[in-house]
Amino acid sequence: MAGRTGSRQSSRIAVFTTRFAPSPTGQLHLGHAYSALLAHDMARSAMGRFLLRIEDTDTARCTPAFEAQIYDDLAWLGLTWETPVLRQSDNTGAYEAALESLGNLGLLYPCSCTRSDIRRAASAPQEGAPMHGPDGLIYPGTCRHRRWEDRTDTDAIRLDMPQAVKSLPTLPQYTETGVNPALRLTRAHLTDEVGDIVLARRDTKTASYHLSVVVDDAEQGITHVIRGKDLATATPIHVLLQALLGLPTPTYHHHDLIRDDDGKRLAKRDDARAIALYRSEGSTPQDIRRMVGL
């Protein structure tokens with residue numbers, strides 16, 4: 001799969017291609033508007049392509065109504081995108097193929113640990129070792145002895161980070177054009193400060209964000225990932241997975257976040273800043289652009 005994906009996109013590599021990838025778990029707010037407008041503007045300025053992706057693997061929280069609202073709000077803002085829209089719930093076969101590829105390379109293992117198990121193990125960390133990484137508590141490797149072939153339906157699937165970095169002769173790097181400097185991939189950082197990340201969740205049986213976003217970006221031919229700087233620390237994970245799967249690495253552009261009056265970044269619970277509310281109160285798309293500084 002990896003080789004086919006990489007070669008399929010090679011003819012498009014010169015075309016600036018970016019995407020906006022919301023989850024239909026709530027209403028879009030001003031922070032979403034900023035990210036979508038910035039990506040759309042950068043693509044249009046480069047005579048490139050702007051794509052939309054619906055990240056709807058969280059079946060407990062995603063709803064058709066929120067998805068319809070996304071399309072409506074983005075169209076009202078003046079954005080246009082190519083169709084058909086990629087929906088993650090329709091792309092599970094690609095994620096399963098990526099997992100199978102990594103598993104066959106000996107880079108995955110099943111994990112039966114609960115969050116409580118991990119918290120207890122993390123309560124006595126090694127001296128000088130960080131407790132938290134991009135995914136929260138760093139997994140202590142309790143189940144690393146288990147084999148990929150012995151996985152069950154109740155297991156999560158983790159990347160064996162020490163084995164993954166060992167499998168590459170050199171670690172890949174990437175280009176950053178936004179507000180964050182590029183984070184250099186090193187073996188010490190990946191093994192000690194990132195750890196054995198989950199690539200398939202035990203609760204929902206779906207691919208994790210890290211795996212799905214890497215597979216989706218390659219499938220859509222994304223050359224430039226434009227997203228908030230809160231995701232900058234996840235970028236080394238994505239660049240590593242791209243190298244392991246033989247996928248191209250995009251250019252990354254992490255932007256500042258839109259914050260509330262107290263300096264906190266906006267979340268979907270911030271209904272007072274929902275695009276739909278501004279629309280109902282008579283704001284125009286130009287008003288939204290001014291609010292977010294574009």
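How many bridges join strand 4 to strand 7? In this predicted model, 4 bridges join strand 4 to strand 7 (residues 156-159), and the two run antiparallel. Within this pairing, Cys-111 stands opposite Ala-156 of strand 7. The pair belongs to an open sheet of 3 strands, ordered 4-7-8, with antiparallel pairing. Strand 4 (108-111) and strand 8 (198-200) are the edge strands, each pairing on one side only. From one strand to the next, the twist averages 45 degrees.

A second sheet has parallel pairing. It is open, and its 3 strands follow the order 1-2-3. Strand 1 and strand 3 stand at the edges. Each has a single partner strand, so one side of each is left without a neighbour in the sheet. Strands of a sheet pair through backbone hydrogen bonds, either parallel or antiparallel.

Strand 1 (residues 17-20) and strand 2 run parallel and are joined by 4 bridges. Thr-17 has Arg-49 of strand 2 as its bridge partner. Arg-19 is partnered by Leu-51, also in strand 2. On the way from strand to strand comes a helix: strand 1, helix 2 and strand 2 make a right-handed β-α-β unit. Strand 2 is in turn joined to strand 3 by 2 bridges, again in a parallel arrangement. Here the bridge partner of Arg-53 is Leu-86 in strand 3. The chain passes from strand 2 through helix 3 to strand 3, and this β-α-β crossover is right-handed.

What covers strand 2 can be described through its residues and the helices of the sheet. Of the 6 residues in strand 2, 6 are buried. Both faces are covered. Arg-49, Leu-51 and Arg-53 are buried on one side, and Phe-50, Leu-52 and Ile-54 are buried on the other. Two of the buried residues on the first of these sides are thus arginines, Arg-49 and Arg-53. Both also appear in the bridge pattern, Arg-49 with Thr-17 and Arg-53 with Leu-86.

Helix 2 lies across strand 1 and strand 2 and runs at about 145 degrees to strand 2. Helix 3 packs on the sheet and touches strand 1, strand 2 and strand 3. The direction of helix 3 makes about 160 degrees with that of strand 2.

Two loops of this region carry backbone features of note. Most residues other than glycine have a negative phi, and most peptide bonds are trans. Met-47 is not a glycine, yet its phi is positive, at about 55 degrees. Met-47 is found in the loop between helix 2 (30-45) and strand 2 (49-54). With a relative accessibility of 73%, Met-47 counts as exposed, whereas Arg-49 in strand 2 is buried. The other feature is a cis peptide bond between Thr-83 and Pro-84, with omega about 5 degrees. Pro-84 is placed in the loop between helix 3 (64-76) and strand 3 (86-87).

Helix 9 (residues 235-245) is mostly covered, with 10 of its 11 residues buried. An α-helix has 3.6 residues a turn, so residues three or four places apart point the same way. The buried residues of helix 9 include the run from Thr-235 through Pro-236, Ile-237, His-238, Val-239, Leu-240 and Leu-241 to Gln-242. Leu-244 and Leu-245 are buried as well. Gly-246 follows helix 9 and has a positive phi, near 70 degrees.

Ring contacts were examined next. A pair of aromatic rings is described by the distance of the centres and the angle of the planes. The structure holds 2 aromatic pairs. One of them, Tyr-174 with Tyr-252, is edge-to-face, at 5.6 Å centre to centre and 80 degrees between the planes. Tyr-174 lies in the loop between helix 6 (161-166) and helix 7 (187-194), and Tyr-252 in strand 10 (residues 251-255), so the pair ties together parts that are 78 residues apart in sequence. Tyr-174 is buried, with a relative accessible area of 11%. Tyr-252 is also buried, at 1%.

Charged groups sit over rings too. The charged end of Arg-151 sits over the ring of Trp-148, 3.7 Å from the ring centre. The ring of Tyr-139 has the charged end of Arg-158 over it, 3.8 Å from its centre.

Methods: Residues numbered from 1 in each chain as written. Predicted model: local features only at pLDDT ≥ 70, side-chain atom pairs only at ≥ 80, totals over all residues. Heavy atoms only, no water. Buried < 20%, exposed > 50% of the residue type's maximum accessible area, 1.4 Å probe, protein only. Pairing = 2+ DSSP bridges. Right-handed = clockwise from strand over helix to strand, strands pointing away. Phe/Tyr/Trp six-rings, centres within 6.5 Å; stacked < 30°, edge-to-face > 60°. Lys NZ or Arg CZ within 6 Å of the ring centre and 35° of its normal. Contact = heavy atoms within 4.5 Å. Axes fitted to C-alpha atoms, helices over the stretch in contact; angles between N-to-C directions.
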